[in-house]
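Work through the exercises below with the sequence and coordinates open. Each task is followed by a stepwise solution.

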Amino acid sequence: MVVLILNFVFVLLTLLLAVIDFFTMRLPDKLTIPLAGVGLLHSSLMGSHILIQNGLAALVLGGLFLLTALIYPKGMGMGDAKYVTALTLFLGFPAIMITLVIATVIALLIGGIFLATKKKTVKDQIPFGPFLTIGAWLTMLII
């Protein structure tokens, strides 16, 4: 029952993050940090070995996204790094890799459509949070 509630909270928080990022290009700490807490709790309920595995994966992937945000802040924000960290804590490894592939492919397709229809240029930003959310949801359905 607890896992079911955590899944519901996960879907709710990721939906809110996707909508907010879509309209504001921001992923607020007020939602990403509680999502990380949900991920930690979810992982801990799966066992200490899963908690450790997901924690290490979150450190590595979150660190890579943080590094990307620091090197190229116009391309990736700190909110994206925190969001990927929280998603990793919840979904675990290798599920987060599936999420990232799905999110990237969908973002590239949508970005390509925007470029082809001249609704965006290569210099325009598009929020990545909604794609991460879609990727996470599809991953949950697949796995």
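**Exercise 1: the faces of a helix**

In this predicted model, the face of α5 turned away from its buried side carries the exposed residues V101, L108, L109 and A116.

Task: Check the length of α5, then find which residues are buried and what they pack against.

Solution.
1. Helix α5 runs over residues 95–116, which is 22 residues. At 1.5 Å a residue the expected span is 32 Å, and the end C-alpha atoms lie 32 Å apart, so the two agree.
2. With buried taken as under 20% relative accessible area, the list for α5 is A95, I96, T99, L100, I102, A103, A107 and G111.
3. Viewed down the axis of α5, these buried residues fall within an arc of 165°, so they line one face of the helix.
4. An α-helix has 3.6 residues a turn, so residues three or four places apart point the same way.
5. The packing partners of the buried residues of α5 are α3 (48–71), α4 (78–91) and α6 (129–142).

**Exercise 2: backbone angles in the loops**

Task: Find the cis peptide bond, and classify M25 and K118 by accessibility.

Solution.
1. The cis bond joins F93 and P94, with omega about 15°. P94 is in the loop between α4 and α5.
2. M25, in the loop between α1 (2–24) and α2 (29–45), has a positive phi near 60° although it is not glycine. Its relative accessibility is 31%, so M25 counts as partly exposed.
3. K118 comes just after α5, in the loop between α5 and α6. Phi of K118, also a non-glycine residue, is positive and near 60°. At 73% relative accessibility, K118 therefore counts as exposed.

Methods
Residues numbered from 1 in each chain as written. Predicted model: local features only at pLDDT ≥ 70, side-chain atom pairs only at ≥ 80, totals over all residues. Heavy atoms only, no water. Helix = DSSP H or I, 4+ residues; strand = E, 2+ residues; numbered from the N terminus. Expected span 1.5 Å × (residues − 1). Buried < 20%, exposed > 50% of the residue type's maximum accessible area, 1.4 Å probe, protein only. Arc of directions from axis to C-beta. Contact = heavy atoms within 4.5 Å.
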